[in-house]
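Trainee: I'm new to this structure and would like a close look at a single part of it. Could you walk me through the sheet and what surrounds it?

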Amino acid sequence: MTHALSALAIALAVLVAAPAQAQCFADYKAKRDDPLRLHYGVAQLPDNACTKQAASRALAPRLARDGWTLLNIVSIFGPEGLEQRKASAGPYFLRY
């Protein structure tokens with residue numbers, strides 16, 4: 001019994017000591033030229049990119065690898081906002 005309580009106490013201490021991981025997402029608009037194509041998407045961001053400016057810096061290179069130019073970050077939100085944006089983002093939901 002004492003061993004089980006010790007193991008439980010250690011597990012609880014590890015969970016409490018672990019940093020909280022806030023999930024951060026952005027919805028954005030991007031374009032491609034020649035011919036002009038636009039898309040709306042949702043992307044997961046690193047924890048240090050949870051502002052519009054930081055999100056732009058994190059997301060622009062990801063999009064550029066596939067020939068897209070980031071137009072703007074619409075908003076930054078947590079996991080609670082994912083479901084309501086999923087249908088609008090279509091194939092660009094969590095793609096970048």
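Mentor: Happily! In this predicted model, three strands make up an open sheet, and their order is S2-S1-S3, with antiparallel pairing. S2 and strand S3 (69-77) are the edge strands, since each of them pairs on one side only. Between neighbouring strands of this sheet the turn is 20° on average, with direction ignored. As a general point, strands of a sheet pair through backbone hydrogen bonds, either parallel or antiparallel.

Now look at one of these pairings. Strand S1 (residues 24-32) runs antiparallel to S2, and 9 bridges join the two. For one of the residues to find on your screen, try Lys-29: its bridge partner is Tyr-40 in S2.

Next come the helices. Helix H2 (residues 52-64) lies across S1, S2 and S3, and it runs at about 135° to S3. Helix H3 (residues 82-89) also packs on the sheet, where it touches S1, S2 and S3. The direction of H3 makes about 150° with that of S2.

Finally, let's return to the edge strand S2, which spans residues 37-45 and includes Leu-38. Leu-38 has 59% relative accessibility, so it counts as exposed, the cut-off being over 50%. Leu-38 also belongs to a nonpolar patch on the surface, which it forms with Leu-36 and Leu-71. Together, these three leucines have about 320 Å² of accessible area.

Methods: Residues numbered from 1 in each chain as written. Predicted model: local features only at pLDDT ≥ 70, side-chain atom pairs only at ≥ 80, totals over all residues. Heavy atoms only, no water. Patch = residues over 30% accessible without salt bridge, like charges linked within 9 Å, V, L, I, M, F, W, Y side chains within 5 Å. Areas by Shrake-Rupley, 256 points an atom, 1.4 Å probe, with all protein chains shown as cover. Salt bridge = Lys/Arg side-chain N within 4 Å of Asp/Glu carboxyl O. Helix = DSSP H or I, 4+ residues; strand = E, 2+ residues; numbered from the N terminus. Buried < 20%, exposed > 50% of the residue type's maximum accessible area, 1.4 Å probe, protein only. Pairing = 2+ DSSP bridges. Axes fitted to C-alpha atoms, helices over the stretch in contact; angles between N-to-C directions. Contact = heavy atoms within 4.5 Å.
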